[in-house]
Amino acid sequence: MLHSALINVMVKAARHAGRSLKRDLGEVEHLQVSLKGPANFVTMADKRAEELLYADLTKSRPGYGFIGEEGGTREGADKSHTWIVDPLDGTTNFLHGIPQFAISIGLQREGTIIAGVIYNPANDELYIAERGKGAFLNDQRLRVAGRRQLDECVVGCGLPHIGRGDHDQSRLEMTAIQQRVAGLRRFGAASLDMAFVAAGRLDGYWERNLQPWDMAAGQIMIREAGGVVSGMAGDDDPLTTGHLICGNEFVHKELVKILKPL
Ligand code: 2AM
Ligand code: CA
């Protein structure tokens with residue numbers, strides 16, 4: 001399938017960094033038995049992947065700004081374009097050898113996300129989206145699920161981490177949703193949760209306290225697949241608030257209705 005030059009640049013960078021992560025995953029599984037454990041190694045894997053992405057993306061599009069989870073913000077001469085990159089989303093999964101992690105690359109132009117690539121090197125699933133051109137999983141066009149009965153829906157969520165977020169609030173939200181849906185899931189990589197919503201695997205998903213690089217690519221993936229993305233208010237910007245609700249139009253509305261008053 002033919003994609004734009006921009007998407008090709010993003011895909012090439014994601015696959016390159018993906019090969020590095022996949023090699024490192026093999027090493028992590030090996031290190032599980034060692035005394036020191038793989039945590040430091042994973043930090044290195046993460047940084048290595050980000051540097052590959054930075055080098056590849058900057059070589060192809062010199063001057064674009066770059067915001068990465070590891071290296072922070074790197075300004076470029078071109079102030080209207082910024083890459084928003086998570087080199088390893090789902091770090092805890094990666095550390096435990098669970099094959100649910102991804103490289104996430106979003107491109108922002110004048111404040112709007114115009115392209116996104118999410119790549120899971122463990123199962124070679126590649127998600128791409130470009131504004132006005134649709135969303136694809138391995139070249140298959142994506143469409144959000146069409147379910148309109150909440151009790152038939154499978155919904156994803158996030159959980160606050162140790163020492164972070166509001167655990168009581170999280171329990172409150174989960175209890176409220178659990179009573180209304182067919183199934184609740186927690187996969188642990190926000191970018192892939194969003195890709196799953198775009199692919200119609202999950203009917204909806206919400207999570208609090210995310211970072212822009214967790215959501216940038218996922219946001220355009222869902223919108224191009226016909227879904228809706230917002231913050232907790234229902235019409236706000238998750239990239240600004242850090243809180244996210246998404247799904248098809250109906251599920252998104254229902255989730256907002258349940259979660260907003262809590
Ligand atoms: P990460 O793996 O790149 O850290 C898990 O619920 C999701 O939340 C993951 O996508 C994870 O991204 C993200 N996340 C955001 N902030 C986090 C934090 N402070 N600690 C762990 N995961 C975080
Ligand atoms: Ca992340």
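Q: Which atom of ligand 1 is 3.0 Å from the side chain of E69?
A: An oxygen atom. In this predicted model, that oxygen of ligand 1 sits 3.0 Å from an N or O atom in the E69 side chain.

Q: And how much of ligand 1 does the protein cover?
A: On its own, ligand 1 has 480 Å² of accessible area, and the protein covers 85% of that.

Q: OK, what about L88, backbone or side chain?
A: Backbone. A backbone N or O atom of L88 is 3.2 Å from an oxygen atom of ligand 1.

Q: Which kind of ligand atom does R164 get, then?
A: A nitrogen. A polar atom in the R164 side chain lies 3.3 Å from a nitrogen atom of ligand 1.

Q: How many residues surround ligand 1?
A: There are 16, and the closest are D89, G90, T91, A190 and E207.

Q: What's the mix by class in that shell?
A: You get 7 charged, 5 polar and 4 nonpolar residues around ligand 1.

Q: Which strand gives the most to the shell?
A: That's strand β3, which covers residues 78-89 and supplies 3 residues.

Q: Switching topic: which pocket does ligand 1 take up?
A: The largest one; that's the space ligand 1 fills.

Q: And why do we say ligand 1 lies between domain 1 and domain 2?
A: Because both of them give residues to its shell: domain 1 is 5-141 and domain 2 is 150-259.

Conventions: Residues numbered from 1 in each chain as written. Chains lettered and ligands numbered in written order. Predicted model: local features only at pLDDT ≥ 70, side-chain atom pairs only at ≥ 80, totals over all residues. Heavy atoms only, no water. Near = heavy atom within 4 Å. Polar contact = N/O pair within 3.5 Å; in protein donor to acceptor, adjacent residues only side chain to side chain. Areas by Shrake-Rupley, 256 points an atom, 1.4 Å probe, with all protein chains shown as cover. 1 Å grid on protein atoms, 1.4 Å probe; cavity = no way out; pocket = protein on both sides within 12 Å on 5 of 7 lines; lining within 4 Å. Sits in = over half its atoms within 2 Å of the grid points. Helix = DSSP H or I, 4+ residues; strand = E, 2+ residues; numbered from the N terminus. Nonpolar A, V, L, I, M, F, W, Y, C, P; charged D, E, K, R; others polar. Domains from an automatic or database assignment.
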